[in-house]
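Colleague: I am new to this structure and should be grateful for guidance on how to read it. May we take the features in turn?

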Amino acid sequence: MRHPLVMGNWKLNGNKRMVNDLISALRNKLSNVVGCNIAIAPPVIYLDLAKYHLGNSRIALGAQNVDIHISGAYTGEVSTQMLKDIGAKYIIIGHSERRAYHKESNELIAEKFAVLKEAELIPVLCIGESKAENEAGKTEAVCAHQIDVVLNKLDAKAFESALIAYEPIWAIGTGKAATPVQAQAVHKFIRSHIAKYDAAIAERVIIQYGGSVNADNAVELFTQPDIDGALVGGASLNADTFSVIVKAAAEAKQT
Ligand code: PGA
């Protein structure tokens, strides 16, 4: 059975005080949760501090991005080795905000996937369609293509220890999540698409949903058979809300 992962993507939010307060609240509220993996991805400048505050808790450290280079003259970048060095585990790549604001291509994202695998870090590959693509009935084609670029560079085995986050762009930060039925249909498609390459890997790969997940819609989303947790943005900045979402995932997958 797949173990869900609920991961908080803090995006460009926080300060030293918040890192301390939010993590200690999460440690309190989530110490007894079993059946769901948990991670947080603070801004890169706070990763080390976050790791310190996470201590020996079972909340893992994630990061929001990585460069494809290991070292050298690449001003402003952060490498896989640095992320490993400070104890990060799950690394988000291909987030729609990086695709849009930093012009990241599918090819660059596939390279990031490859360097993460090389470093034995776990990629969280974000995919998803825009509103226009959704309305034009292109959701499946867009998602398939975003995955194929990785599959063509590596192969299906690369998804052995990697996650996919299906995040419809129109649902991110809008308060309008995909309905559980809509999301389930796309997750099922994604799994069946990977199954064309490797059925066993497809069965095991964790596919998170992301886009306006909150305390009210979490249960319904997580009870869908192909939704394995979530990548949570805004709602991950509040310890109460994030904890409710984590617990919803843990319970949904136990029953
Ligand atoms: P949101 O963001 O939960 O604020 O919609 C999700 C994401 O971008 O990962």
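Modeller: Let us begin with helix packing, bearing in mind that this is a predicted model. A pair of packed helices is described by an angle and by a distance between axes. Here H1 and helix H11 (residues 239-252) pack with their axes 10 Å apart, at an angle of about 35°.

Colleague: Which hand does the crossing of H1 and H11 have?

Modeller: The two helices cross in a right-handed manner.

Colleague: Which residues of H1 meet H11?

Modeller: On the H1 side they are Leu 22, Ala 25, Leu 26, Lys 29 and Leu 30. Their partners in H11 are Ala 239, Asp 240, Phe 242, Ser 243, Val 246 and Lys 247. Sorted by class, the contact of H1 with H11 comprises seven nonpolar residues, one polar residue and three charged residues.

Colleague: Let us take Ser 243 from that contact. Is Ser 243 buried or exposed?

Modeller: One reads this from the relative accessible area, for which buried means under 20%. Ser 243, a residue of helix H11, has a relative accessible area of 3% and is therefore buried. Apart from residues up to four places away in sequence, Ser 243 touches Leu 26, Lys 29 and Leu 30.

Colleague: How should Arg 27 be read on that scale of relative accessible area?

Modeller: Partly exposed lies between buried, under 20%, and exposed, over 50%. Arg 27 has a relative accessible area of 29%, so Arg 27 is partly exposed. This residue belongs to helix H1 (residues 16-30).

Colleague: What does Arg 27 contact, leaving aside its neighbours within four places in sequence?

Modeller: Arg 27 is in contact with His 53, Leu 54, Gly 55, Asn 56, Ser 57 and Ile 59. As for a separation across the model, the C-alpha atoms of Arg 27 and Thr 139 are 37 Å from each other, and the two residues are 112 apart along the chain.

Colleague: Let us turn to a second helix pair. At what angle do the axes of H5 and H7 cross?

Modeller: Helix H5 (residues 106-118) and helix H7 (residues 139-153) cross at roughly 50°, and their axes come within 9 Å. Because of that angle, H5 is oblique to H7. The crossing is right-handed.

Colleague: Which residues form the contact of H5 with H7?

Modeller: H5 contributes Asn 106, Glu 107, Ala 110, Glu 111, Phe 113 and Ala 114. H7 contributes His 145, Gln 146, Val 149, Val 150 and Lys 153. By class, the contact has five nonpolar, three polar and three charged residues.

Colleague: How does one read a backbone angle such as phi?

Modeller: Most residues other than glycine have a negative phi. Ser 212, which is not a glycine, has a positive phi of about 60°. Lys 11 also has a positive value, near 50°.

Colleague: Where do Lys 11 and Ser 212 lie?

Modeller: Lys 11 is in the loop between strand E1 (5-9) and H1. Ser 212 is in the loop between strand E7 (206-210) and helix H10 (218-222). With a relative accessible area of 16%, Ser 212 is buried.

Colleague: Finally, how does the radius of gyration of the protein chain agree with that of a compact globule?

Modeller: For 255 residues, a compact globule would have a radius of gyration near 18 Å, and the protein chain agrees with this at 17 Å. Its C-alpha trace spans about 50 × 45 × 35 Å along the principal axes. The protein chain contains 11 helices and eight strands, and 54% of its residues count as buried.

Terms used
Residues numbered from 1 in each chain as written. Predicted model: local features only at pLDDT ≥ 70, side-chain atom pairs only at ≥ 80, totals over all residues. Heavy atoms only, no water. Axes fitted to C-alpha atoms, helices over the stretch in contact; angles between N-to-C directions. Helix = DSSP H or I, 4+ residues; strand = E, 2+ residues; numbered from the N terminus. Parallel < 35°, antiparallel > 145°, perpendicular 65-115°, else oblique. Left-handed = near helix turned anticlockwise from the far one by under 90°. Contact = heavy atoms within 4.5 Å. Nonpolar A, V, L, I, M, F, W, Y, C, P; charged D, E, K, R; others polar. Rg over C-alpha atoms; globule rule 2.2 N^0.38 Å. Buried < 20%, exposed > 50% of the residue type's maximum accessible area, 1.4 Å probe, protein only.
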